[in-house]
Amino acid sequence: MTLAIVLAAGTPAAGLTTATGEPLADRLADQLRRAGADEVRLAATLDEVAALADTAGGPLLVTGTDLVAHTAVLRHLATSPVGPTVALVLTDPPVPGRTAVREERGQVVDAGPLDALDGDATGVFGGALRVGVDDLPTLAAAARAAAVGGPGSAVDRLVAGLAALGTLIFAQRVRLLVAHRVDDEAGLVAAEAAVTAVDEDRAELRLSVKEKDDFFSTYFVSTWSPYVVRVAARLRLTPTGVTVISVLFALAAAVLFGVGGRLALVSGAVLLYLGFVLDCVDGQLARYTRNFSAWGGWLDTMADRAKEYLVYAGLGFGVSHAGLANGWALAIAAMTLQTVRHMTDTWYGALHDEAARRPRATAGASGGIGDRLNAASTRVQADTGSLSYWLKRTVVFPIGERWALIALTVALFNPLVSLIAVLVWGVLAFAYTGALRTLRARWMRVPVLDTVDATLHRDDGPLVRRLPVVRPMGPLTLAVIAALGPAALLVAALWSDTPDGLRWAVPVALLVLLAGGLGAGAAHNGPLDWLVPAALRAAEYLFAIAVGVVGDAPGWLIFGYVFVLTVHHYDLTARLEKRQAAPPLHAATLGWDGRSVLLTLAAIAGIVSIGMATLGAYLLVVFVASVVLAWFVRPARGARASAAPVGAGGAVPR
């Protein structure tokens, strides 16, 4: 249940009436109901807000009485998926008494009077915010503290107090819609005229497109995908339904790439492009219809990776089917590279968010190359649409560019050229982003792995948790060492005419791999320790590939096993973004150490193919069972428990 509060305290707009003669506060209350609020209350003081926050059982919407906006603005605020607590942020010029804000990466990292932000303000508070359930106690505390008075309206003091207490607040921008805060009759008339001048539905359709997307998505997809969004909405398709259709398109493209022949390759390229369009449409449809869900977000993340890796499989099979060598090897390399890249992307994003939430004085000393790189990156990102802006967004090889490159190279050449092109650009992009992020991270000096369950995101198993801790070397150094043994074994196996003769080296490589576990119990607070999960992923994948080569396992089987591992690890990173707990059956996945030990035993016994197939199938079953438990069984049980009456299977009276 969502409760909305219209706060009248401390604003000159409390007595204003709209063009239709109704009080502005009453119109806001009606808009809040249409935006999704189940109940709307008028509050005269901040003490009333604190009392309501104490008893609220769901999210709380709070607005001042001086806001003139489209109803869609309030609906977007109420349904925003970016975080539990979100504040409306405007680009209006700051005026005395209004709270100015400074945001980084979509987070409000500072809020208060304009002069208190030392010229770093990026916007002004729009007079409305949504507070998540977990932040309600902090909201109540901020309301009571702000009730004693101070400069600005009550709602301005409230959001400044909430930010001062360390609440993670995300920014909700208005963009193509209209929202203004008014102080007098003239301002009200002007704001109402501005609202009337904008076609709300048309603006919402355009707003469904990401504000800042990649070059290919912006110019070759988003120019016409909103028309598909409107058709999908009229057909009452859900974002999840569109996601499933996009998976089918990618699967059909992968099959055609495997079949080969010019017609099949060109047809596959077209289907791949259309599948990517639908991949964009599912998110745009969710934003247009405000149909967000945790399940849909998780499924979209997992489907994106599954589609891409299915395409790699189709390309690998196509190369082998055409009689060319190394098709599966190239597909495995592309998947491994892309997964490790994604792991670094995820954790660098978490690092950057953590740095944004901390005072600048603790984010690293000023000056130096890291400071200059950070300033240069900020300037380029702000210069939207410039050549440098598009080069920066394209050189990192985002998904739109990857799919475009695959489609073009397959249609014009063949799957072999496509896989080589993906690998070359991917390696260059990884080197570029890795070098710059390393320098910037050393400058920021903000740990991030020590803010989460490091054991979970390292994916440690029971063996590693029992190993002694080697603190002087640090967890990152040990994780890199862990990857060197499997890498050496893989190189030796690929160069050997009789890789089966290297079975004796598998236990040696395992021992080197397990060195990564010696840092599991150490503090992960170094400036580069955000790289540990990616290094461990690389170490485990390299070990599995090396064991497969030594054991003469088929390329498709090695690909399938590593694919299952990537699905498991993407599940962990998707949970990281939502700060969720471990999957229900996480312990049953055995950890990177347990899985590697089992592969080693299979290599010693000379049954690598059987061992890899059995372990991969087991992990896939565990993953599917975990998904069913996490997203269907447990929520259903929770819903039944909350709906059960007292004394009839519900809470027992005391």
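Which residues does H76 touch, not counting those up to four places away in sequence? The partners are Q172, L177, E204, L207 and R290, where contact means heavy atoms within 4.5 Å. H76 itself sits in helix 3, which covers residues 71-79. Helices (H or I, at least four residues) and strands (E, at least two) are DSSP runs, numbered from the N terminus. With a relative accessibility of 8%, H76 counts as buried, a label for anything under 20% relative accessible area, with exposed over 50% and partly exposed in between (1.4 Å probe, protein chains only).

All this comes from a predicted model, in which local features need pLDDT of at least 70 and side-chain atom pairs count only at pLDDT 80 or more, while totals for chains, interfaces and linings use all residues. Residues are numbered from 1 along each chain as its sequence is written, and side-chain values use heavy atoms, with hydrogens and water left out.

How confident is the predictor? On the pLDDT scale, the predictor's confidence in each residue from 0 to 100, the chain averages 91, and 96% of its residues reach 70 or more. Among the elements, helix 21 (residues 532-550) has the highest mean, 98, and helix 14 (residues 368-382) the lowest, 71. Over residues 361-366 the pLDDT drops below 50, and that stretch has 12 contacts in the model beyond near neighbours in sequence. Residues 646-654 also stay under 50, with six contacts beyond four places in sequence.

As for the overall build, the chain has 24 helices and 10 strands. Its radius of gyration is 27 Å, which agrees with the value near 26 Å for a compact globule because the chain has 654 residues; the radius is taken over C-alpha atoms, and the globule rule is 2.2 Å times the number of residues to the power 0.38. The C-alpha trace spans about 85 × 65 × 60 Å along its principal axes. Of the 654 residues, 52% count as buried. Among contacts between residues at least 6 apart in sequence, 82% join residues at least 24 apart.

Back in helix 21, there is G548. At 0% relative accessibility, G548 counts as buried. Setting aside neighbours within four places in sequence, G548 is in contact with A553, I558, V608 and M612. E211 is another matter: G548 and E211 are 337 residues apart along the chain, and their C-alpha atoms are separated by 44 Å.
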